[in-house]
Amino acid sequence: MESKPVLFLRSLLFWFGFIVNTAVFGLLVVFLFFMPATFRLKIARLWSYTNNFLLKVFCGIDFKVKGQENLNVETAIILSKHQSTWETLALHSFTPLVHWVFKRELMYIPVFGWALALTDPIAINRGTGRVAIKQLIDEGTKKLNNGKWIVLFPEGTRTAPGKTHKYKIGGALLAQKSGYPVIPIAHNAGEFWPRHSFIKWPGTISVVIGPVIETKGRKAEEINKEVFDWIENTMKEISDESRWNR
């Protein structure tokens, strides 16, 4: 295992590359504001591919995906585990073109936020409660009806390896109201790129894409529980406790 000073240097090189990568692709998205959102999302996918390359070269982090055949449906809602910053950078590279649900404050970040706002997301004010839920359901259903995939993190915030938060009901409510299926995703990225950590640890992230969860005629609570059970049970299979507190 490399020493922490070496890992720090490798992480520093990654962040430098990431900033340049984000500036280049972010400005490209902004300058192409007149193009369709689908085109801009394809640029975001190139940004994601480049992030994966930078992580592999500088930090020794790669990933493997199991269950990609479960994405072979026309339109769906992805509900993903949220352990790290990694999934916000890498999900674009192995899923269909997805439209993100996120807190609207992210759009105020120069370049990154401007580009994010131009990818046809659902930007909500999480402090507005029912208003935010209604916005999610209204905008999300409209996008789904137009063949657009939606991705959410039901935990709402990054959760340390070995821990979990209660899954928020928003994604399941969108599924109940719209009738579109849910696809759960589990991964252990937090073991290699921990939250609040500058240092990234080399290794291979395990990503598991779950089977389609049908939602028509089902209550949001039932959908949410099935998503929770599948993700958290899968996390037990792919997690390594020895990497939780390094």
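**Close-up views: salt bridges and a helix pair**

**View 1. Glu232 and Lys81 are both buried (under 20% relative accessible area, 1.4 Å probe, protein chains only).** This is a predicted model, in which local features need pLDDT of at least 70, side-chain atom pairs count only at pLDDT 80 or more, and totals for chains, interfaces and linings use all residues. Residues are numbered from 1 along each chain as its sequence is written, and side-chain values use heavy atoms, without hydrogens and water. The two side chains form a salt bridge, 2.9 Å from N to O (a side-chain nitrogen of Lys or Arg within 4 Å of a carboxyl oxygen of Asp or Glu). Glu232 sits in helix 7 (residues 220-238) and Lys81 in the loop between strand 2 (77-80) and helix 3 (86-90), so the pair ties together parts that are 151 residues apart in sequence. Helices (H or I, at least four residues) and strands (E, at least two) are DSSP runs, numbered from the N terminus.

**View 2. Arg10 pairs with Glu2 in a salt bridge.** Their closest N and O atoms are 2.6 Å apart. Glu2 is partly exposed (from 20% to 50%), at 34% relative accessibility.

**View 3. Helix 6 (residues 170-178) packs on helix 7.** The angle is about 125° and the axes are 8 Å apart (lines fitted to C-alpha atoms over the stretch in contact; angles run from 0 to 180 degrees between N-to-C directions). The helices are therefore oblique to each other (not under 35, over 145 or 65 to 115 degrees). Ala172, Leu173, Ala175 and Gln176 of helix 6 meet Ala220, Ile223 and Asn224 of helix 7 (contact: heavy atoms within 4.5 Å).
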